[in-house]
Amino acid sequence: MKNNFEQRQKSDKNEIMYGTERILLVDDESDIIQVEEQILLKLGYDVTSYTNSIMALEDFRHHPDNFDMVITDMAMPILHGEKLCQEIIKVRPDIPILVCTGFSQSLSKDKASSIGIKGFIFKPVIMKEFSSKIREILT
């Protein structure tokens, strides 16, 4: 028989985790942006979304302290997610970055870490997984 502490630990892992941080969300697909933005808003986050990675980078360069985290896709036209992450890290090396991707990237875990990427999550996102991964990276 499990004691109350063990039961509580197990149930805590299944709970949706909320936050209030400011997130820069970047994906070239507007349908994905809409879904992910709605999830993030329900979780309590302040979200700035872009379907254009160049515009997202410009906003970040002009207002780097307006964001606590970046969530980005990798496969985007013109400015690929890997390059976007590298440019963001040049501006603010401490910013946590979460890559949200639809397929396994050729980017190795070591290279991702060296760029400053703190984690990966696969699309389609599930609210519990998304909330848990964000809290893991931000804390």
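Let me begin with a term: pLDDT is the predictor's confidence in each residue, on a scale from 0 to 100. The term is needed here since the structure before you is a predicted model. Over residues 1-11, pLDDT stays under 50. For that stretch, the model has three contacts beyond four places in sequence. For the protein chain as a whole, the mean pLDDT is 87, and 86% of the residues reach 70 or more.

I turn now to the sheet. Five strands make up an open sheet, and their order is β2-β1-β3-β4-β5. The pairing is parallel. Which strands stand at the edges? They are β2, residues 46-50, and β5, residues 117-122. Each of these two has a single partner strand, so one side of each is left without a neighbour in the sheet. On average, and with direction ignored, neighbouring strands of this sheet are turned by 20° against each other. As to the pairing of β1 with β2, five bridges join these parallel strands. One residue pair may serve as an illustration: Leu 24 has Thr 48, in β2, as its bridge partner.

My next topic is the salt bridges. How many salt bridges does the count come to? The count is ten, and I shall discuss three of them, beginning with Glu 21.

Glu 21 forms a salt bridge with Arg 135, and the closest N and O atoms are 2.8 Å apart. Glu 21 lies in the loop between α1 (4-13) and β1 (22-26), whereas Arg 135 lies in helix α6, residues 127-138; the pair therefore ties together parts that are 114 residues apart in sequence. Are these two residues buried or exposed? Both Glu 21 and Arg 135 are buried. For Glu 21 the relative accessible area is 19%, and the cut-off for buried is under 20%. The side chains of Glu 21 and Arg 135 also make a polar contact, at 2.8 Å. Leaving aside residues up to four places away in sequence, Glu 21 touches Tyr 45, Asp 46, Asp 68, Arg 135 and Leu 138.

Asp 68, one of those neighbours, takes part in the second salt bridge. Its partner is Arg 22, with 3.1 Å between the closest N and O atoms. Arg 22 belongs to strand β1 and Asp 68 to the loop between α3 (53-62) and β3 (69-72), so this pair ties together parts that are 46 residues apart in sequence. Arg 22 counts as partly exposed, at 30% relative accessibility. Asp 68 is likewise partly exposed, with a relative accessible area of 23%.

The third salt bridge lies within one helix. The side chains of Glu 87 and Lys 90 meet at 3.0 Å, N to O. Both residues lie in helix α4, residues 81-91, and they are three residues apart, about one turn of the helix. How exposed is each partner? Glu 87 is buried, with a relative accessible area of 11%, whereas Lys 90 is exposed, with 61%. This pair is also part of a network: salt bridges that share partners join Glu 58, Arg 61, Lys 83, Glu 87 and Lys 90.

To close, I return to two points. The salt bridge of Glu 21 with Arg 135 ties together parts that are 114 residues apart in sequence, whereas Glu 87 and Lys 90 are three residues apart in helix α4. As for confidence, residues 1-11 are the stretch over which pLDDT stays under 50.

Conventions
Residues are numbered from 1 along each chain as its sequence is written. This is a predicted model: local features need pLDDT of at least 70, side-chain atom pairs count only at pLDDT 80 or more; totals for chains, interfaces and linings use all residues. Side-chain values use heavy atoms; hydrogens and water are left out. A salt bridge is a side-chain nitrogen of Lys or Arg within 4 Å of a carboxyl oxygen of Asp or Glu. Helices (H or I, at least four residues) and strands (E, at least two) are DSSP runs, numbered from the N terminus. Buried means under 20% relative accessible area, exposed over 50%, partly exposed in between (1.4 Å probe, protein chains only). Contact means heavy atoms within 4.5 Å. A polar contact is a pair of N or O atoms within 3.5 Å; within protein, one must be able to donate a hydrogen and the other to accept it, and residues adjacent in sequence count only if both atoms are side-chain atoms. Two strands pair if DSSP finds at least two bridges between them. Axes are lines fitted to C-alpha atoms, for helices over the stretch in contact, and angles run from 0 to 180 degrees between N-to-C directions.
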